[in-house]
Amino acid sequence: MNFTILGTGSAMPSLCKTNDDLSKFLDTSDEWIRARTGIEQRYLCGEESITDLSCLAAEEALREAGIGAADLDLILCATATSEYRIPSMACLVQERIGAQCAAFDINAACSGFLYALDIAAGYYARKKVKHMLVIGADALSEIVDWTDRSTAVIFADGAGAAVLGEGDDLLASRIGARGNRAVLYAENVKGNSPFRMRDSEDGAQCEEQYIHMDGQEVFRFASASMTRELKQLMKDAGLTGKDVSYVLPHQANRRIIDFASSKLPEIASERFLTNIEKRGNTSAASIPVLMDEYNKKGTFKHGDILLLTAFGGGLTTASCALRWNGKQYNK
Ligand code: COA
């Protein structure tokens with residue numbers, strides 16, 4: 001036994017910024033950003049915190065699932081940008097929504113939500129839980145260097161959530177990592193220990209706390225791994241391209257999604273779902289937000305087979321195949 005998805009929810013900050021808005025203070029242009037990433041606009045935290053968004057997404061997912069916070073047995077939150085180091089974001093959400101269950105965070109960068117689903121499957125297999133809340137939430141705007149045009153135009157904020165119940169709808173799940181600090185990193189805030197003898201690894205100062213990214217290297221890793229992981233996932237689940245109803249890829253760059261789609265011609269390209277145009281790269285929120293959006297549009301029908309696939313800092317990869325049995329919405 002593993003799980004079925006009972007309900008989904010998502011929340012975006014109220015502040016929406018277009019490419020033109022960014023080109024007012026960065027040496028960039030709407031034309032460049034659209035052509036190189038597919039992004040037209042993104043939502044960024046202004047007044048709201050990432051905890052606020054996570055709670056909104058969680059409450060919506062609970063409503064859609066038809067259960068209350070008191071029915072939850074475990075809350076898992078995937079994030080790399082929690083407001084606090086202590087307590088975890090999962091505990092902050094637990095308190096705010098009025099749940100009483102265990103709660104903890106995981107960090108697998110943009111692959112985090114799918115890592116969390118993989119962990120969830122273990123709790124169901126051990127029959128430790130009936131209802132779980134899994135959140136993917138990030139506010140990358142808080143750790144982006146807003147003078148660095150190569151990252152500031154890509155990353156964005158948001159939160160997505162799914163409420164799980166007992167079922168058998170996880171057909172296969174894969175997680176992986178290729179440890180690499182150099183190509184995508186942001187250091188933690190340092191304390192003021194009088195005993196600290198070492199500097200940052202590069203001998204650098206506090207700007208290391210911003211995101212650093214070797215875009216081309218990440219692009220190469222992402223394109224190769226997304227294709228490889230989707231092929232292996234189908235094999236693990238005993239599926240062919242014809243069985244696949246939709247692919248929900250991490251929304252990092254439209255060109256990465258198009259590349260993976262071109263290498264998998266047995267899955268029609270329109271089956272690769274996107275919202276990167278309007279949302280940008282929301283890291284761990286990317287896939288649950290995409291799932292919630294297409295769910296509410298009535299895109300998914302009972303029995304549909306969904307392939308979810310992500311990559312991110314770490315470098316991490318994760319993917320899973322799900323049978324859709326959630327609440328049915330009208331188109
Ligand atoms: N606006 C205008 N020009 C920009 C720019 C911007 N926002 N960012 C970079 N450029 C410039 C570069 O300075 C470079 O100029 P040069 O040729 O004069 O040196 C040129 O555009 C090409 O840069 P390059 O880095 O080769 O661009 P790219 O086509 O690889 O696109 C990324 C850059 C970041 C969009 C792309 O590499 C990417 O998406 N990588 C994957 C990142 C990712 O997925 N991250 C998330 C991981 S979860």
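This is a short conversation about a predicted model and its ligand.

Biologist: What should I know about the numbering and the cut-offs?
Modeller: Residues are numbered from 1 along each chain as its sequence is written, and side-chain values use heavy atoms, without hydrogens and water. The model is predicted, so to speak of local features pLDDT must be at least 70, side-chain atom pairs count only at pLDDT 80 or more, and totals for chains, interfaces and linings use all residues.

Biologist: What makes a residue part of the ligand's surroundings?
Modeller: One of its heavy atoms must lie within 4 Å of the ligand. There are 25 residues around the ligand, and Thr-28, Arg-36, Arg-149, Gln-216 and Asn-253 come nearest.

Biologist: Why is the pair of Arg-149 and the ligand called a polar contact?
Modeller: A polar contact is a pair of N or O atoms within 3.5 Å; within protein, one must be able to donate a hydrogen and the other to accept it, and residues adjacent in sequence count only if both atoms are side-chain atoms. A polar side-chain atom of Arg-149 lies 2.7 Å from a ligand oxygen, so the pair meets the rule. Trp-32 qualifies too, with a polar side-chain atom 3.4 Å from a ligand nitrogen. Gly-215 uses a backbone N or O atom, 2.9 Å from a ligand nitrogen.

Biologist: Which helix gives the most to the shell around the ligand?
Modeller: That is α7, with four residues. Helices here are DSSP runs (H or I, at least four residues), strands are E runs of at least two, and both are numbered from the N terminus.

Biologist: What makes Arg-174 and Asp-236 a salt bridge?
Modeller: The rule asks for a side-chain nitrogen of Lys or Arg within 4 Å of a carboxyl oxygen of Asp or Glu. Here the N to O distance is 3.1 Å, so the pair passes. Arg-174 lies in strand β8 (residues 170–180) and Asp-236 in helix α7, so the pair ties together parts 62 residues apart in sequence. By this rule the count is 17 salt bridges.

Biologist: How do you know that the bond between Ile-86 and Pro-87 is cis?
Modeller: Its omega is about 0°. Pro-87 lies in the loop between β4 (74–78) and α4 (89–97). The bond from Gly-314 to Leu-315 is also cis, with omega near 0°. Leu-315 lies in strand β13 (residues 314–323).

Biologist: Why remark on the phi of Ala-109?
Modeller: Most residues other than glycine have a negative phi. Phi of Ala-109 is near 50°, a positive value. Ala-109 is found in the loop between β5 (102–106) and α5 (112–125).
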